[in-house]
Amino acid sequence: MPDTIRNRSSLDADLPRGVTDPLLWRAAYDVAVAHRPDEAGRCESLLCDGQVAPCDALTAAHRAMELAGDRHADRADPETWRTEQRRRAA
């Protein structure tokens, strides 16, 4: 096993207020980051081979984030959990 630490984007992201399943939200967030559209509107992931965005994976990631409990949370709400709070709650 390699002696490396893999960092995920979700570890640095603020958990939105209202999330009831942080593990699902973080996993979905990482998928969404990996499948962002580029400037041409195509998925950046090699798995999607330039498919027009939103790809199926990005759509599923957004749905999973909603199911994690942030559906009714205000995404612009400044009252989000910070990194330290998330790690204590996990």
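How far does α1 reach from its first C-alpha to its last, and how many residues does it have? Some notes on this predicted model follow, starting there.

1. **Helix α1.** The helix has 13 residues and reaches 18 Å from first C-alpha to last, close to the 18 Å expected at 1.5 Å a residue. Its buried residues are Trp 25, Arg 26, Ala 28, Asp 30, Ala 32 and Val 33. When reading that list, keep in mind that an α-helix has 3.6 residues a turn, so residues three or four places apart point the same way.

2. **Asp 30.** This one is worth a look. Asp 30 sits in helix α1 and is buried, at a relative accessible area of 17%; the call follows because the cut-off for buried is under 20%. Leaving aside residues up to four places away in sequence, Asp 30 touches Arg 8, Ser 9 and Ser 10.

3. **The nonpolar core.** The largest nonpolar core holds 14 residues, and Val 19, Trp 25, Ala 28 and Cys 55 are the ones that touch the most other members. Both α1 and α2 supply at least two residues each, with α2 giving the most, five residues. As background, nonpolar side chains in soluble globular proteins tend to be buried together. Two of those well-connected members, Trp 25 and Ala 28, also appear among the buried residues of α1.

4. **Cysteines.** You won't find a disulfide here: a search of the whole structure gives zero. For Cys 48, the nearest cysteine sulfur belongs to Cys 43 and is 3.7 Å away. That pair is not a disulfide because the two sulfurs would have to be within 2.5 Å. Cys 55 is in no disulfide either; its nearest cysteine sulfur, that of Cys 48, is 3.7 Å away. As for exposure, Cys 48 counts as buried at 14% relative accessibility, and Cys 55 counts as buried at 0%.

5. **The cis peptide.** Which residues does the cis bond join? Ala 53 and Pro 54, with omega at about 0°. Pro 54 belongs to the loop between α1 (22-34) and α2 (56-70).

6. **Asp 49.** The loop between α1 and α2 also holds Asp 49. Its phi is near 55°, a positive value in a residue other than glycine. Is Asp 49 buried or exposed? Exposed, with a relative accessible area of 70%. Set that beside the other aspartate in these notes, Asp 30, which is buried at 17%.

Definitions and conventions:
Residues numbered from 1 in each chain as written. Predicted model: local features only at pLDDT ≥ 70, side-chain atom pairs only at ≥ 80, totals over all residues. Heavy atoms only, no water. Buried < 20%, exposed > 50% of the residue type's maximum accessible area, 1.4 Å probe, protein only. Helix = DSSP H or I, 4+ residues; strand = E, 2+ residues; numbered from the N terminus. Expected span 1.5 Å × (residues − 1). Contact = heavy atoms within 4.5 Å. Core = buried A, V, L, I, M, F, W, Y, C linked by side-chain atoms within 4.5 Å.
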